[in-house]
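Please look through the sequence and the model shown here before reading on. The report that comes after is meant to help a first-year student find the main features step by step.

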Amino acid sequence: MENIKSYVQQHKDRFINELIELLKIPSVSADTAYSQDVIDTADAVKASLEKAGCDHVEICETAGYPIVYGEKIIDPSLPTVLVYGHYDVQPPDPIELWTSPPFEPVIKKTEIHPEGAIFARGACDDKGQMYMHVKAFEYMIQSNTLPCNVKFMIEGEEEVGSVNLKTFVENNVEKLKNDVILISDTGMISNQQPSITTGLRGLSYVEVEVTGPNRDLHSGLYGGAVANPINILAKMIASLHDENNHITIPGFYDNVEELSLEERAEMAKAPFNLENYKKALDLNDIYGEKGYVTNERNSIRPTLDVNGIWGGYTGEGAKTVIASKAFAKISMRLVPNQEWEQITELFTKHFTSLAPAGVTVKVKPHHGGQGYVTPIDSIGYKAANMAYTETFGVPAIPVRSGGSIPIVALFEKELKSKTILMGFGLDSDAIHSPNEHFGIFNYLKGIETIPLFYKYFVELSK
Ligand code: BES
Ligand code: MN
Ligand code: MN
């Protein structure tokens, strides 16, 4: 029987081409203009699971986009791995900054990916990483080495908050029963140094609206005499951080866990080069909360960021106008123990209280979710580490990530099982940005590493 390494070598062109076909379908969940494409992608994922060898693959309808579910139960007395991933992608905007069209995948070489990387929206987040699991499963079926049961749950609304997945999970606890949840939707340190994500931040996402006069006004005739909603909004937003870049919302830090100096020293062992970090982003300096270093600021600390701000005239040339309304989209990244719904309330109360007479303020909550931390002494973590050690030649380092996959905390609550985050992307892969890509090395290495996770997980479960 051939091993996974030679199977990957033999089939890599097909693996790449199949992923390219999947990436051609623009499954943007945020924009209803793409709704048929999102549905078509669910069908394509379903077909790929059937072809790889799943039994009972179904499209599970929800109030939003469907969830693709498939399983292969070889023996109910053996452990079960639940694989989660998402087939929806972020909007491609700003499209003019892509060097090749976002839904016409091409392979290009980069400094970090000398073997080439597939450039397309969703290449890394998450179609490419999700599809590694389908191909690893194909190998285990073909080689008769699947050591346990597998369930796949691939959703189409991760990038818009997984609102309907929540209901699906709550209503299907028995169907989704498992011993470990396996997700590849995060990153690793580098192609030489694998890491396992042990933490995700929570999220509270809101939209704010400041209204002044009932119509746009001439900025000469009315300027100085009425509140300008854009000026006011800018002032309100600026006041949300103090001079040390702490967030000023009362109660915001109440439940934030302070890590011990030992834990922080442990975190500091992960390789990080500040000069390279700045260089990669063309920054003359870094910025952030006083008292914490970069790797802490973007993982164990909560944040508040404006994601978009608009109002008034932004077209060509100048128009003298005082806008009637100003808007902003604001995200707060949260750490474990911060309750996202409570944070949304604290924000709403505080932000509304900042409004001076002369304007009115509305806060509209979008979505949110809890943060997550996973222990490193679980069977799942150990199995993942053994798998990485075998394929990369060095053990993986545990890293808490700054990103969010809000459904992971809900999985633990409803399904009572731990999630192992085996990510194969790199921070430089530009997820959510123009020119998103996924290294061919990473894609194939992922396919190679995943079956070893299954093998060691089952061995350690005995
Ligand atoms: N895959 C990402 C999250 C991620 C990326 C976590 C890299 C860790 C490392 C996921 O698709 C994502 O983008 N999540 C959103 C949250 C969601 C509610 C829109 C995020 O983090 O902004
Ligand atoms: Mn993702
Ligand atoms: Mn994403």
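The sections below take up the overall fold, the metal sites, the unusual backbone positions, one buried lysine and an annotated region.

## Overall fold

This is a predicted model, and the secondary structure of the protein comes to twelve helices and 18 strands. The radius of gyration is 23 Å, close to the 23 Å that the globule rule gives for 462 residues, so the protein is as compact as a globular protein of that length. Measured out along the principal axes in the model, the C-alpha trace spans about 80 × 50 × 45 Å.

Of the 462 residues, 53% count as buried, and the accessible surface of the protein comes to about 20,900 Å², with 52% of that area belonging to carbon and sulfur atoms. When contacts with a separation of 6 or more are considered, 78% of them are between residues 24 or more positions apart.

## The manganese ion (ligand 2)

The protein donors of the manganese ion (ligand 2) are His86 through NE2, Asp125 through OD, and Asp185 through OD, which is listed twice, and they lie at 2.0 to 2.4 Å. Along the chain, these donor residues follow the spacing H-x38-D-x59-D. His86 lies in strand S3, whereas Asp125 lies in the loop between S5 and H3, so the pair ties together parts that are 39 residues apart in sequence. Both His86 and Asp125 are buried.

The site of the manganese ion (ligand 2) has six donor atoms, and the angles among them run from 56 to 165°, which makes the site irregular. For comparison, the ideal angles for six octahedral donors are 90 or 180 degrees.

## The manganese ion (ligand 3)

The manganese ion (ligand 3) has as its protein donors Asp125 (OD), Glu159 (OE, listed twice) and His432 (NE2), at 2.1 to 2.5 Å. In sequence these donors are spaced D-x33-E-x272-H. Glu159 and His432 link distant parts of the chain, 273 residues apart: Glu159 is in the loop between strand S6 (149-155) and helix H4 (163-171), while His432 is in the loop between strand S17 (419-421) and strand S18 (437-439). Glu159 is buried, with a relative accessible area of 15%, whereas His432 is partly exposed, with a relative accessible area of 39%.

The site of the manganese ion (ligand 3) is also described as irregular, with angles of 56 to 154° among its six donor atoms. Which residue bridges the manganese ion (ligand 3) and the manganese ion (ligand 2)? The bridging residue is Asp125, and the two ions lie 3.6 Å apart.

## Unusual backbone positions

Most residues other than glycine have a negative phi, and most peptide bonds are trans. Against that background, two cis peptide bonds can be looked up in the model. One of them joins Asp93 and Pro94, with omega about -10°, and Pro94 is placed in the loop between strand S3 (80-86) and strand S4 (106-108). Another joins Asp125 and Asp126, with omega about 0°, and Asp126 lies in the loop between strand S5 (117-119) and helix H3 (127-142). Asp125 therefore appears here again, as the residue that coordinates both manganese ions.

Positive phi values in residues other than glycine are found at His56, where phi is near 50°, and at Ser162, where phi is near 55°. Are these residues buried or exposed? His56, in strand S1 (residues 55-60), counts as exposed because its relative accessibility is 61%, over the 50% cut-off. Ser162, in the loop between S6 and H4, counts as buried because its relative accessibility is 3%, under the 20% cut-off.

## A buried lysine and an annotated region

Lys135 lies in helix H3, and at 3% relative accessibility this lysine counts as buried. Leaving aside residues up to four places away in sequence, Lys135 touches Arg14, Phe15, Glu18, Tyr443 and Ile447.

According to an unreviewed UniProt entry, residues 199-357 carry the annotation "domain: Peptidase M20 dimerisation". Over residues 199-357 the chain is 27% helix and 22% strand, and the end C-alpha atoms are 42 Å apart.

Technical notes: Residues are numbered from 1 along each chain as its sequence is written. Chains are lettered from A and ligands numbered from 1 in the order in which they are written. This is a predicted model: local features need pLDDT of at least 70, side-chain atom pairs count only at pLDDT 80 or more; totals for chains, interfaces and linings use all residues. Side-chain values use heavy atoms; hydrogens and water are left out. Donors are N, O and S atoms within 2.8 Å of the metal (3.2 Å for Na, K and Ca); water is not among the atoms, so sites may look incomplete. Four donors count as tetrahedral if all angles lie between 85 and 135 degrees; four count as square planar and six as octahedral if opposite donors are over 155 degrees apart and all others between 65 and 115; anything else is irregular. Helices (H or I, at least four residues) and strands (E, at least two) are DSSP runs, numbered from the N terminus. Buried means under 20% relative accessible area, exposed over 50%, partly exposed in between (1.4 Å probe, protein chains only). The radius of gyration is taken over C-alpha atoms; the globule rule is 2.2 Å times the number of residues to the power 0.38. Contact means heavy atoms within 4.5 Å. Accessible areas come from the Shrake-Rupley method with a 1.4 Å probe; for residues, only the protein chains shown count as cover. UniProt positions are given in the numbering used here, feature names are shortened, and annotations may be inferred rather than shown by experiment.
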